[in-house]
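Biologist: I would like to learn how to read salt bridges in a protein model. Could you walk me through some examples?

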Amino acid sequence: MTGYIVRGELIDLHNCEDEPIHIPGSVQPHGALIAFDADLVVQAASSNISDWFGNSPDEIVGSHLGELLDDVAAETVEAELARAAEGRVDEIQFVLDGDRYSGALYASTGWFVLELEAVRQTNLPLSLVRSATMELNQTSTIAATADAAAAAVREITGFDRVMVYRFDEQWNGQVIAERKRDDLNTFLGLRYPSTDIPAQARDLYRRNWLRVIPDIHFEPAPIEPHDLTLDGTPLDLSDSTIRSVSPIHVEYLSHMGVTASMSVSLIIDDELWGLIACHHYSGSHRPPPPVRNTAEYIGQLASVRLGDCERNHERQRTTELTNLANSLGDILLANDHRSLTTLLAEHEADVLKLANATGAAIRIGDDVVRFGAVPPAAVTWSVLDHWSADDDAFACEHAASIEPGAEPYADVAAGILAMSMSGDRDDLAVWFRPEQVEFVDWAGDPYEKEVAAERPGVRLAPRRSFELWREVVRGRSEPWAEPEMAAAYRFTRHLISSKLRRDREAVSIADDLMKVALPARLPSVPGYALDAHYAPDGQGRVGGDWYDVVTLGDRTAFVVGDVAGHGLRAASTMTQARNSLRAYLADDPEPTVAAAKLDRLLRTMLPGELVTLVVAVLDHESSRVRLCGAGHLPPLVVDAHGAQHASMPVNRLLGAFDGPYEAVEFELVPGQMLLLYSDGLVEKPGRDIDEGLGVLRRESQLLAEASIDGWAERLADLMAGLDPHDDVTALAVRRL
C-alpha cells in the first residue's frame, strides 16, 4: 500500500496536515446519523440506519423525522432546534420501541444533524463522581491535578491506560500523568512530536471536549445518498462525536497496539492545553454516553483547576518578582545621593534573581556594571544587532540561532534578555543564561518524518516505533518566563526613574505630585463638618497615601487610598489612581462599581501595582453611607458613647485579583463621626496592628466632642507621635 485515497487524493504524511478530517463522509458504526432540514424532513442518513430502524437511507430521505422515530421523539428534537442553531446540544434522551437512546443535535452546513447511540444500562456510583470531584478541587499543583484527572477517568471509564498529555509552545506533547494496567510499560515523561497531532486535529480537539473510537477496526458507515448539502459543500462533521476516523490516525493507533481510544480535551482560556488520552489494548471498548459525559465533566473540571494552578503559580511568581523589583527600585530611589552603579553592585544577587539569570550587564550613560558570568561585549552586541527598533525588549533562548558567533559562549549566554532604558538604547540592561543541557526522552524518533522525506519514493506512514528515543539538546537556555520579563521591565523602569530623580531632583517632583493630588481645601457639605490630614513618613519620603472628597450632586464621596511603596513610583501611581477614581465616581457614584473599574485599570495598565482603598458615599438627605473597602482597614464610627469599626465586607485589594466588590450601608446619626485613615495611623514599630486599632478607638473617643478644626492632625499626633514611620492619612466627616 502506498497511501490512502480520500476524495480522489492520495493521503499520506506529506499532506496529512490538509486531510479533510472534518468532512469524512462517514461515521463510526456505534452511532447513527440523520441529517434533516428545519421542517424535520430527512435529507441524508448514515448507511447503518437500517440496522437501527429497518429502513435504508433511500427509504427515509424525504420523509418526516417523526415517521422514522416517533412523534414524541420528533417533538423533542424540534424543541431543541433553536439551541442547536447556536451550538451542539447533548444528552437528548429517547425511548423508541422500548429501547433507550442518547442523542446529540447540532447545525451543520444548512441542515440539522441528529446523532444517536443506543444506551445500555450502566451503574456509575455517585460516590465515585463525588470522590473524583473532591480530589480535583483539593489539588493545588499541575502535577497533582493531572494525576487526579488520570486516576478519575481511568476508574470511571475502565480504559487500560489513561494519560494526561500536555502541549508545549511548539505543540510537542509530554505525558505528565499516567494511570494504567500493571503489566503495561509506562509512558510517563515521554514526549511526542507535534506531527503526531496535526494542527487541524488540534483545532477539532479544541472545538469538541470528547472524542471516542470504540474499535479501530470499525467499518465506516457512509452518509447516503451522498454527503453533499444543498449548496454543494460536504456535510461538516466538526461537531460530531461519531465522525469517522482518519485512516492515518487508525494506522498510528495500530502501530501503538491500541484497539480502542478516547480523548478528553483540556482547554484553558479557550485554548487547547492538553489531552486526557485513553488507550485500550484488549479489544473494543465503548464507555456508554453517561460514562463518557462524566469523563468529559472530569476534563472540564480539570481544565479549570489546571488554569487556576497555572495562574496562581504565575501570580505568585509575578508578585514575588514584582516585589523584588519594587524593593530594588525603592533602594535606588531612597539612596539618590549615591551612584546607581554602586548601588546595583551591592545588590548583585537580587538583580540576577529577578530575571533568574546567571549574569547581567547594565549600562547607564558612561557607566557599566557587570554581574556574574557574561560574554564579551562584542558577542552581546552582535546578537542585539538583531533587536527590532520597534521593541523595548529583546529575548532569545538560543542566541546561536540568531548570531552563529555566539555559539562558543553558550555556556554563559545561550539565552539573552535585554531591556532598553532610552530611545537610542545607550542605556540598557541585559541578562544572560547558560545553556540547559537536557536529555529529552521521546516516544520514538521525532525526526523520522524529516529523514524519510529525503528518500524519494518512500511512503511517509505514521510512526511504527514508539521505543524510547533519547535526544541531547544543547545550546538552548531555559525560556524567559513572562513574570521574569515583566520584573526585568519593571526594574528597568525603576532605573529610569532613579536616573530621572538624580538628573531632575525627583524628590521635588514627587512632592509636587502629592501637593497637586491632595485637595487644596475641603468642600462644604451642608449639615456636615469635614477635616483631613496627611503627613509623609519620618524620613521625608513621599508615599502612595491620598485622601479625596468628591462632590456628586446630592451625594459626596470620601476616599482614602494607599499605593504600595514610596517615592516617585508610588506618587505617580497614586495620582493616576486618584484621578481615575474621581472620574469613575462622577460617572457612577456606586462605590463597588468604581472599585471594580479601578482594579481593572491597575491590572491591565499598571500590572504589579497594588492599592488598598476605602470609599464612603454619603447621601446628604438620608444621611446614609454606602461603604466599600478593598484590602483596607475599616473606618471608625465615633461619638461620645464610643468608637467602633464599621462592619465592612472583606474585599480583595486592587491590582492583584479580579473582584467582585461588595458594600455595606448604614446611617450616620447626628453627632457621629466617620473616620477614614491609612495604616500609617495605627502601625508603629513595636506595636502590632490590633493594638494600634485599640489605641485608635480609645483616642478617637477621647476627641469625640473636640472641635472639628484640626481634629485629624491632633489624632495623628496622638497616634504616631512627631516622627511617623509611614505616611499618615486621616479624613473625618461629622454629622452636625
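**Reading salt bridges**

Modeller: Gladly! Let's begin with one residue: Arg626 has a relative accessible area of 27%, so it counts as partly exposed. Please keep in mind that this is a predicted model.

Biologist: Which residue forms a salt bridge with Arg626?

Modeller: The partner is Glu590, and the closest N and O atoms of the two are 2.7 Å apart. This pair ties together distant parts of the chain. Arg626 belongs to strand β27 (residues 624–630), while Glu590 sits in the loop between α19 (567–587) and α20 (591–605), 36 residues apart.

Biologist: What should the distance tell me?

Modeller: The general idea is a cut-off: a side-chain nitrogen of Lys or Arg has to lie within 4 Å of a carboxyl oxygen of Asp or Glu. The Arg626 and Glu590 pair, at 2.7 Å, is one such case.

Biologist: How many salt bridges does a search of the whole structure find?

Modeller: The search finds 32 of them. Another one joins the side chains of Asp203 and Arg206, with 3.4 Å from N to O.

Biologist: Where do Asp203 and Arg206 lie, and how far apart are they along the helix?

Modeller: Both are in helix α8 (residues 199–207); because they are three residues apart, about one helical turn separates them. Asp203 is partly exposed at 36% relative accessibility, and Arg206 is partly exposed too, at 31%.

Biologist: Now a pair in another helix, please. Are Arg305 and Asp308 buried or exposed, or partly exposed?

Modeller: Here the cut-off helps: buried means under 20% relative accessible area. Arg305 has 13% relative accessibility, so it counts as buried, whereas Asp308, with 25%, is partly exposed. Their side chains meet in a salt bridge of 3.2 Å, N to O. The two residues are three apart in helix α10 (residues 289–334), about one turn of the helix.

Biologist: Which residues are joined into one network by salt bridges that share partners?

Modeller: Asp269, Arg305, Asp308 and Arg311 make up that network. When you look at the Arg305 and Asp308 pair, then, view it together with Asp269 and Arg311.

Biologist: And the wider setting for these pairs?

Modeller: The protein has 22 helices and 32 strands, and 53% of its 736 residues count as buried. Among contacts between residues at least 6 apart in sequence, 68% join residues at least 24 apart. Its accessible surface comes to about 32600 Å², with 49% of that belonging to carbon and sulfur atoms.

Terms used
Residues numbered from 1 in each chain as written. Predicted model: local features only at pLDDT ≥ 70, side-chain atom pairs only at ≥ 80, totals over all residues. Heavy atoms only, no water. Helix = DSSP H or I, 4+ residues; strand = E, 2+ residues; numbered from the N terminus. Buried < 20%, exposed > 50% of the residue type's maximum accessible area, 1.4 Å probe, protein only. Contact = heavy atoms within 4.5 Å. Areas by Shrake-Rupley, 256 points an atom, 1.4 Å probe, with all protein chains shown as cover.
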